[in-house]
Amino acid sequence: MDINHSSIELSKLYNRKKSDQDIFQELMAVKVAEVLLVATYYDAYSIAGEGRFFDKIMGEYLQLNLFSAPRVTSVTTNGEALELLNKNKYDMVILMAGLDKDKPIRLSKKIKEAFSSMPILLMVNNNHDIKYFNNETSPNGPIDKIFVWNGDSRVFLAMIKYVEDRANLENDVKVGDVRVILLVEDSQIYYTRYLPLLYSIVMMQTQNILSEETEDRIHKILKMRVRPKIILVSTYEDAVDIVDKYTDNLICLITDVKYPRNGINDDNAGIDLIKYVRGKISIPVLMQSSDQENALKAMEVDAEFINKNSENLSFEIQNFINQNLGFGDFIFKNSRGVQVARAHNLKEFEECLRDVPPESLLYHAKRHGISTWLMARGEISLAKKLRPYSIDDFDSFTKLRATVLDIFSFARLERLKGRVVPFDPSLVNQNRFVMRIGEGSLGGKGRGLAFLSNFIENIDFENLIPELELHLPPTCIIGSGEFTRFLEKNKLENTIYGITEYPEIKRIFINSEIPEDIISILKSYLTNMNKPIAVRSSGLFEDSLLQPFSGVYSTYMLPNTHPDPEVRLNELCLAIKLVYASIFNPSAREYFKLTNYKIEEEKMAIVLQEVVGRRVHNKYYPNASGIAQSYNYYPFSYMKPEDGFAVMGVGLGRHIVGGEKAWRFCPRYPSLELSSLKDQVRESQSHFYALNLKHQQVDLESKGELSSILRLEIGEAEEDGNLRHCASVYDYNYDALVPNLKIKGPRVINFSNILKYDQLPLARTLDLLLRFLKEAMGSPVEIEFALDMEGLENQQPILYMLQIKPLTRTAQHEDVDFNEVDSSKILLQSAQGMGNGQINNIYDVVYIDPGSFDRTKTAIIAEEIELINKKIASEKREFLLMGPGRWGTRDPSTGIPVCWSQISHAKIIVEIGLPDFPLEASLGSHFFHNVTTMNVGYFSVHIGSSDDKLDIDLLNRQTIVSKTKYVKHVRFEKPLKILMDGKKQKAMIQWNE
């Protein structure tokens, strides 16, 4: 499937999935915020008692916990009313009929002439006045409805909600599948009684439900919007129109018996309407009449009956709604209507579904009772999934029950997708969201993972790239607040920061105790997690946009295979303690000094993540893993820096972040080879890392991060069958690489089947992700990933996103003029340089003389450089560091295996490529990340290249400050002039006399 990624806009793809909360936001778009009341002082006083009309309305809103009470503006004359309507915006007008009955009629006609859609309601003081105004409420009349003051202030609320429901009906049904209660009543006296009663019952019951479901106050307010709409009509024709238009959303019909039909009062209008509705949908029906004889007619059409004159009218209506509209507990009944189970909330409801008799399910399925009850609780998505099913869709009760439970399970997970959710042991193995344990921040790494989860779930990648699934591994994060609790519980908060020896700190942390409630949760976690676990750091500053720390703290891989759960728990707790302790390791301390942060400010969250991979014999590893960056400092051929790059290899990603041999490619141009055939063979990945599952118990305390890690020959991966999609073979006969492992020859890990022949759309996916994530984060990014390719044979391949971090360095750029450099005084010139701007304060150069370099002694060289770095740091100086091969690699055969703390005061770092020690532009991810974020210049110089230059003789003539067996520290009399243009990848260093 060939997709032109450059034409896809993130803004058109992101957030396409709407949660219930999103839907709530779109409901009740029309709100009555401004009410114009037209009444004489006496009229207002006679209704509101003390004339405080607004207080009456506000009181009703507050009683129902509604927080958007409208503002009421009161005027006494028609002239004032028209003046305000022309000047201000009002949502409805309430006219009060006083002694001058013609006054509201005249005003209503003038308002309708000027504002044809303005809702106008009339309030009369007594029943006798109704007849006088009946003609004005005809279909073409200027007054929409007449209400009667009956001493109940709730009538004001009902009038406002009547207008809002009528205005929002069509949109809310379309957007939120909101349900409809249809009230058919032509008597102003009775609907004035019914509407306030119905609204109060519905709103109070909705609030009772919300108090069970959530403590989020804002969520409650939004969820109130999903309450059923109460639609009042007064004729048979209007009722049929609502039934026809909203059949699927109608949950209840409350109807009188006699009302207008074809303009004439019809004694059987209500009966015929019930029959009409019954022919379309099975819903609860309530017939209400002041004539008790109509109770028999109600029985004939299977409707409940209430006498309008009943002393218990309010109770009877409330009881009807509770039993039939999904409010209150859900009562599971059998075919005879006898209770067999009761569910108070959604959790109990799902439990009952598993156990109730089949006939009970059938009873409620026929009546759409389940979806109605769910809808009443604001479970829109779940109700909509159940609603389309008919009992005829199932040929057995077993399938009916299974389908309902599957929909519940699916909807529950669907609602959690892309979110950070509280720990639930039953969800430990799910990969569509992030779970959290405890309080506090998720930390930088955790925050990045939570963002990735949300990002993935809000874009339809299945449609964009159908051949490859995109997920996070199952991830759980222990909040940073638990680090603080750990220190407090063990009384370390006032002592640990004064200890400088890291081994002592580790000993203290190992002997300390994790809070018991966290231990209990970790037990539940391990009960459900049967795969290897990565225990990763997630400090507040780690991988953050402002000041990323990368690779400074510890990560531990746990096989999680021991048969004794207590042993596995102890290993997990020990790993967590060691990650906590890594805040105080030398590299971290040095980083804090350089970034002007205090170590006391750091708090550590913990990421528990299932390790991506599969078991092969006694080892465990993914088919491939790698990193990808959206900015490439070393573009080649027609590549641009913005095209990004990726580095990938077989096995765990340790060799990638450590800068060992791996395959480098550009996701935009995956077929473009970045090195010669000879170099590809020589520089191909020769080892890979895997988890050791043979030894069931790991020794984290003495062996550290490597306690369960195996470094294996790449041939073992071939024996495991894991090179068939990853390697090519050098064919001596044709001097070419062939993707055929059946022939003899050196194996080259170049992923040609995937990248060159597009067996899997990995390159296109990475290209798309880098572009989207860069835009989403507002910064160039690096992502870490792992690939499960088993799907090439039997199921869908999966690309797992393991981490994301920003690359803040690339946002900086200064124009640099290289013409001002004196060509006779060039110490160094590079055509592959990272960094921007000019530096004029460097006197010191620490370098490894190519003449004395020994590639077998790189570990010793790293130790010698560390001593010089400490001496220069004590003098508060910075220096230029130069040496053969890659810096920061974990593979001592490819360069100098320094960690960041060993070279922390180097302001410029230079890789030197020697004839027998060539360079490949592939850096260890963590080391590279810290170089860029610390604004360190990074240059490559190839000896013998026409584009590069390095004057070693000039260095050898400078004053020697110190000298070890392999390393020299010299100092110039005047500061060097260092020029860097990151966009052109050009750098020069000039010495001065």
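These are my notebook entries on what I looked up in this structure, which is a predicted model.

**Entry 1, the whole protein.** I began with the overall counts, and the secondary structure comes to 34 helices and 45 strands. Of the 993 residues in the protein, 58% are buried. I then turned to contacts with a separation of 6 or more, and found that 73% of them are accounted for by residues 24 or more positions apart.

**Entry 2, cysteines.** I searched the whole structure for disulfides, and the search finds 0. I also looked up two cysteines individually: C252 is buried, with a relative accessible area of 0%, and C352, with a relative accessible area of 13%, is buried because the cut-off for that word is under 20%.

**Entry 3, helix α21.** Which residues of helix α21 (residues 481–489) are buried? I noted G481, E482, F483, F486 and L487. I next asked what these buried residues pack against, and the list holds three strands and three helices by name: β16 (434–437), β18 (475–478) and β21 (604–610), together with α22, α23 (516–528) and α24. Just past the end of α21 I looked at the backbone of K491, which takes a positive phi of about 55°.

**Entry 4, helices α22 and α24.** Since both of these helices appear among the packing partners of the buried residues of α21, I looked at how they meet each other. The axes of α22 (residues 502–510) and α24 (residues 565–581) come within 9 Å and cross at roughly 145°, and the crossing in which α22 passes α24 is right-handed. On the α22 side the contact is made by Y502, I505, K506, F509 and I510, while α24 contributes L574, K577, L578, Y580 and A581. Sorted by character, the residues of this contact divide into 8 nonpolar, 2 charged and no polar.

**Entry 5, a sheet of three strands.** I moved on to an open sheet in which 3 strands follow the order β30-β29-β31, with antiparallel pairing. Which strands lie at the edges of this sheet? They are β30 (736–738) and β31 (747–749), each of which pairs on one side only. Neighbouring strands of the sheet are turned by 40° against each other on average, direction ignored. Looking more closely at one pair, I found that β29 (residues 727–731) and β30 are joined in the antiparallel sense over 3 bridges, and that Y730 stands opposite L737 in β30.

Methods
Residues are numbered from 1 along each chain as its sequence is written. This is a predicted model: local features need pLDDT of at least 70, side-chain atom pairs count only at pLDDT 80 or more; totals for chains, interfaces and linings use all residues. Side-chain values use heavy atoms; hydrogens and water are left out. Axes are lines fitted to C-alpha atoms, for helices over the stretch in contact, and angles run from 0 to 180 degrees between N-to-C directions. Helices (H or I, at least four residues) and strands (E, at least two) are DSSP runs, numbered from the N terminus. A crossing is left-handed if the near helix is turned anticlockwise from the far one by less than a right angle, and right-handed if clockwise. Contact means heavy atoms within 4.5 Å. Ala, Val, Leu, Ile, Met, Phe, Trp, Tyr, Cys and Pro count as nonpolar, Asp, Glu, Lys and Arg as charged, and the others, Gly among them, as polar. Two strands pair if DSSP finds at least two bridges between them. Buried means under 20% relative accessible area, exposed over 50%, partly exposed in between (1.4 Å probe, protein chains only). A disulfide is a pair of cysteine sulfur atoms within 2.5 Å.
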